[in-house]
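The following account leads the reader through selected pairings of strands and packings of helices. Please consult the sequence and the structure alongside the text.

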Amino acid sequence: MLREGQAKPTQRADYQAPAWWIDTVDLTFDLDPAKTRVLNRMRVRRNPDVPARALRLDGDELNLARVMVNGEGTSFKMDGSALVLENLPEGDAPVELEIFTTCAPVKNTKLMGLYVSEGTFFTQCEAEGFRRITYFLDRPDVMAMYSVTLRADKALFPVLLSNGNLVDSGDLQGPGNEGRHFAKWVDPHRKPCYLFALVAGQLVAREQRITSRAGKEHLLQVYVRPGDLEKTEHAMNSLMASVAWDEARFGLSLDLDRFMIVATSDFNMGAMENKGLNIFNTKYVLANQATATDVDYANIESVVGHEYFHNWTGNRITCRDWFQLSLKEGLTVFRDQEFSMDLAGTPSARAVKRIEDVRVLRTVQFAEDAGPMAHPVRPDSYLEINNFYTVTIYEKGAEVVRMMHTLVGREGFAKGMALYFERHDGQAVTCDDFAQAIADANPGSELSERLEQFKRWYSQAGTPQVAASGVYDADAKTYTLTLRQSCAPTPGQPEKLPFVIPVEVGLLTADGAAQTVQLLDAAGMAGSPADTRLLVLTEAEQNFVFSGVAQAPVPSLLRGFTAPVGLQYEYSDDALLTLLAQDSDAFNRWEAGQRLALRIALGAINNPAVLVQANGEIAQNLLPEPFTEAMRSVLRHPTLDAAYKELVLSLPSESYLSEQLDEVDPQRVHAVRETLRQQLAAALRDDWAWAWENHQDTGAYRPDPVSSGRRALTGMALQMLCLDARQTGDAVWPGRAYQSFKDAANMTDRMAALSALVHSGHPLASDALARFHALFKTEALVLDKWFALQAGATDRGGQVLAAVKQLMLHPDFQLQNPNRARSVIFSFCSGNPGGFHRLDAAGYRFWSERVIELDAINPQVAARLARALDRWKKLAEPYRSAAREAIARVAARPDLSNDVREVVTRALAD
């Protein structure tokens, strides 16, 4: 139920083209932190294709000083926060509209619109932040040409940046302009207002001139605060690699004279693709080996690529409305994933990247699909669009694009992209338009033949489940594989129609050799022999018959994770061990190990004979010998990459284990997983020591896949050895970890050693944490790691919540800074289920207090935190009732933002 005065949901079905177009926008800013003056001159005209209506301009927290039409004053009215002009001239002639407003950037804690961070002006306009700068048609289908003049104090704000190309700059003249200067920027491309950006402050830049394949010169710039310049080399290298990759892979060249990245520490998101002026969270720009881990380096490469690739997939072609958000985000995530895999080079490194991406999808997005905020890749309604920047829109959206790529092939997809730009460059379009272009470029393809059915991936929420079974006919040498698909009800969608699901399959012998077989068509005719086949499941149930199958096969199903589905097949332990040891598909080899670990963990969780003692530990041995030996074989394998070994040896997370259960006792899940880690640490004690000794990376630091893989494996080995030492009382390995922490030549090794001490609960952890803070107390991003490590520490006896409360009292903790808030509060509430889900409900009370507190400062961040209890209905008692009470406590607040209210209302809905 909506209370009186609350916003109503926006419905996709209600979309109407705007009654007015805006052709040009000329903005002049007189920048002052307390009172910025904005003069907005627009040329507007009626849209002849829709009935005449008043011009209704969006606004939020603006002070309106003047409205003029064609140079003269005009009447207007305010309807809530909207400015309505009802008496504009009739006819098709353009209208010159002038609006003068003021705003207070220094008071803008929401970090949407124009705000100040550490003395520098920044903007964030996606999705609806531009209305906090000036009155405007704040919707993505209104695309205009922009010119922007920035005026400010030269000493305080020496750098003045906006979109496009710098056409003029200099000192301001005349009375009152002493010490002030200006810069004028013109963007040569039409864009929606969510891509507008300005930056003004004391910044320095790393610059690089490049020449494109077409022979055109471009200037690349990465702007940061003074003192951070030496941490921008990797970001610049990633940007150059992105420009080169997009030209080589898709023929898409940089379309501006210059391309700029600016970093800020106060940012709600990871980065923003404003045309030619990307604004980034410092987390995804700043790196050197002393302050950034291998994961940080990889994330910077990925995010820099993602935002640059938006220059075409998002900026040149944008969304008709926000329901089409995955049009740009799903496609661009796919592109940045492909970019990182192409840069990784080797098949093994590509597989590691694919596994990492799928692990996020299955842990976070599958849970979203099963929860109260479940929504299709193209949602049908929203109360607050900021709540739909989700893993469904991004990661599942990328998987939908990947399935198109699979169905038409790499060359076919490139042809489809070319047709997409040929048809729609400079337009605001829909997900349907993109899918149609890919299909039309590939007539006769599986996608083209089944396009309407395929588009159910955009309209139906939920994670499809594929159940597989097989029958082998020894006499006929055939194997019949039966695939059945289903999808559980989701909010507003009780029934689902069949999806188009590509399933890549291989058949192995009992000892792991590939079987080369033929697939029979509907007429019983055999296709060409192959050891891998792409099957396309389109019905609720289908049979696929293979001929030439020499012996009863071990099926390798859903190779490469060709569709975002859950797969059920009754593998024997022996079959999984065969796949783990022999499958040529690296993804399914990893998956076999995960299935074995999942089977062991769920068996223990569901077995009442497995007793959790008062101290939270389990005395029984849970690890079967065959699994232990299989893990030893992986760890000692002579040819597998270290990064791949680390992934195979990592147990499924507590969150993923919980999603496999109908009812969750979080403390029991925590106890079982910790026991498995403890027992694996003990069983492979000598092997972990061997891995640590033999995978040291002693050369100059390089964040390449091979070197980072070696560091990942040694870090894991050290953590397991310290965990084992906790049980045995051995002092050697904790001592070596402490020494490694002190001697580390890079942040990856230093954090690995510190994590080993913290997560094993060793007394040396306290001194190491103090040393770490003393070393890096001036490095904000490194302090985020320090905070997050403690908030996410393994909980033993409920000690972490008290530590988190103390961390919030630390002088370096700042609730207003999103990175710092996430490092403590999110690391505990969302990333530490063993510590968060407490029998005394103290974790839930802490969560409710923080959601309410953050909502008054920054509703977007608060809404993200509110989702930590999305899956409360799965909890066993007494957790379930306590969680519901905490959510209801938040929902009862009369002054909640739409951001948070939508999340908690949907969570409480039946």
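Two strands count as paired if DSSP finds at least two bridges between them. With this criterion in hand, the account may begin with a hairpin of the model, which is a predicted one.

Strand β18, residues 204-211, pairs with strand β19, residues 217-224, in the antiparallel sense, and the pairing extends over eight bridges. Within this ladder, Ala-205 has Tyr-223 of β19 as its bridge partner. Five residues lie between the two strands of the hairpin, and Gly-215 takes a positive phi near 90° there.

A second antiparallel arrangement is an open sheet of three strands, in the order β4-β8-β7. Its edge strands are β4 (55-57) and β7 (77-79), each of which pairs on one side only. On average, neighbouring strands of this sheet are turned by 30° against each other, with direction ignored. The pairing of β4 with strand β8, residues 82-85, is antiparallel and comprises three bridges. In that pairing, Leu-57 stands opposite Leu-83 of β8.

The account now turns to the helices. Two packed helices are described by the angle between their axes and the distance between the axes.

For helix α23 (residues 818-829) and helix α26 (residues 859-866), the angle is about 15° and the axes are 11 Å apart. Because angles under 35 degrees count as roughly parallel, α23 is described as roughly parallel to α26. The crossing of these two helices, α23 and α26, is right-handed. On the α23 side, the contact involves Pro-818, Ile-825, Phe-826 and Cys-829, which meet Val-861, Arg-864 and Leu-865 of α26. By residue class, this contact of α23 with α26 consists of six nonpolar residues and one charged residue, with no polar ones.

Helix α18 (residues 732-743) and helix α19 (residues 747-759) form another packed pair, at an angle of about 145° and with axes 8 Å apart. Here the crossing, that of α18 and α19, is left-handed. From α18, the residues Pro-734, Ala-737, Tyr-738, Ser-740, Phe-741 and Lys-742 take part, and they meet Arg-750, Ala-753, Leu-754 and Leu-757 in α19. The residues of this contact of α18 with α19 divide into seven nonpolar, one polar and two charged.

Terms used
Residues are numbered from 1 along each chain as its sequence is written. This is a predicted model: local features need pLDDT of at least 70, side-chain atom pairs count only at pLDDT 80 or more; totals for chains, interfaces and linings use all residues. Side-chain values use heavy atoms; hydrogens and water are left out. Axes are lines fitted to C-alpha atoms, for helices over the stretch in contact, and angles run from 0 to 180 degrees between N-to-C directions. Helices (H or I, at least four residues) and strands (E, at least two) are DSSP runs, numbered from the N terminus. Angles under 35 degrees count as roughly parallel, over 145 as roughly antiparallel, 65 to 115 as roughly perpendicular and the rest as oblique. A crossing is left-handed if the near helix is turned anticlockwise from the far one by less than a right angle, and right-handed if clockwise. Contact means heavy atoms within 4.5 Å. Ala, Val, Leu, Ile, Met, Phe, Trp, Tyr, Cys and Pro count as nonpolar, Asp, Glu, Lys and Arg as charged, and the others, Gly among them, as polar.
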